[in-house]
Amino acid sequence: TTLRAIALHNQTVEDSFRRGHQLAEAKRVAETQARTDSLTGLVNRRAFTDTAEALLRVAVREGRSATMMLIDIDDFKRINDHHGHATGDAALLHVARLLSENLRASDVCGRLGGDEFAVLLPNTDLAAATDVAEKLRASIAQRPLPTGDGLPMTLSIGVAGDAFDVENLLNHADAAMYRAKRGGKNRIAAA
């Protein structure tokens, strides 16, 4: 009976350890899902804002620059209306993939919602950020959505710097992005 009791005890300890590990893994997965856009795999608005605020605090402390880009897919509603929501989702994935391919590991890219994406570029001044925005704009314009004959897509991008508050940077980048839209779309405007 002593051996049986020891074996039962060992099994109970092992089961408890396994359940604890499963619980910790489930918690990690839930936290990741809460901070990730389920369609694109990019960080969501909340995670973007949290990460950007932390990076901006470091930039202020170290006297470095940081810039924000707000990116909008031109005529996204038309894509959804004429080609269906599955094609709209494919367009969002296409843009997310191209953004990820063309940004540095230190840049923070997130989907804010709908067809809007934001990118925080740490240690980057406005001129360099405008160059990055142009590279992104050209990349999307040159690589149509791979469906059928290829669906052309363009971006309007607003770029802002000289502020160290996420909401302020987003507001300035948003205003610049709307100037790009009013200016004919498929372009960049700097705040």
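**View 1. The largest nonpolar core of the predicted model**. This core has 27 residues. Met69, Ile71, Ile73 and Phe117 have the most contacts inside it. Two or more residues come from each of β1, α3 (76-83), α4 (85-102), β3, α5 (126-142) and β4. The top contributor is α4, which gives 6 residues. In soluble globular proteins, nonpolar side chains tend to be buried together.

**View 2. Surroundings of isoleucine 71**. Ile71 is one of the residues with the most contacts inside the largest nonpolar core. Neighbours within four places in sequence are left aside here. Beyond them, Ile71 is in contact with Leu99, Asp115, Glu116, Phe117 and Val119. Leu136, Leu155, Ser156 and Ile157 are also in contact with Ile71.

**View 3. A second core**. This core is separate from the largest one and has 17 residues. Phe48, Val108, Leu169 and Met177 are among them. Leu169 and Met177 are also listed among the buried residues of α6.

**View 4. The buried side of helix α6**. Helix α6 spans residues 166-182, 17 residues in total. From its first C-alpha to its last it reaches 24 Å, close to the 24 Å expected at 1.5 Å a residue. Buried here are Val166, Leu169, Leu170, Ala173, Ala176, Met177, Ala180 and Lys181. Why do they lie on the same side of α6? They cover an arc of only 150 degrees around the axis, so they share one side of the helix. Their cover includes α2 (45-62), β1 (66-73), β2 (108-113), β3 (116-122), β4 (155-160) and β5. On the face turned away from the buried side, α6 carries the exposed residues Asn171 and Arg182.

**View 5. The two ends of α6**. At the start of α6, a side-chain oxygen of Asp165 comes to within 3.3 Å of the backbone nitrogen of Glu167. Gly184 follows the helix. The phi of Gly184 is positive, near 125 degrees.

**View 6. Alanine 190 in strand β5**. Strand β5 covers residues 188-190 and contains Ala190. Is Ala190 buried, partly exposed or exposed? Its relative accessible area is 38%; a value between 20% and 50% counts as partly exposed, so Ala190 falls in that class. Leaving aside neighbours within four places in sequence, Ala190 is in contact with Leu126, Thr130, Val159, Ala176 and Arg179. Of these, Ala176 is listed among the buried residues of α6. Gly161 and Ala190 are 29 residues apart in sequence. In space they are 8.6 Å apart, C-alpha to C-alpha.

Key: Residues numbered from 1 in each chain as written. Predicted model: local features only at pLDDT ≥ 70, side-chain atom pairs only at ≥ 80, totals over all residues. Heavy atoms only, no water. Helix = DSSP H or I, 4+ residues; strand = E, 2+ residues; numbered from the N terminus. Buried < 20%, exposed > 50% of the residue type's maximum accessible area, 1.4 Å probe, protein only. Contact = heavy atoms within 4.5 Å. Expected span 1.5 Å × (residues − 1). Arc of directions from axis to C-beta. Polar contact = N/O pair within 3.5 Å; in protein donor to acceptor, adjacent residues only side chain to side chain. Core = buried A, V, L, I, M, F, W, Y, C linked by side-chain atoms within 4.5 Å.
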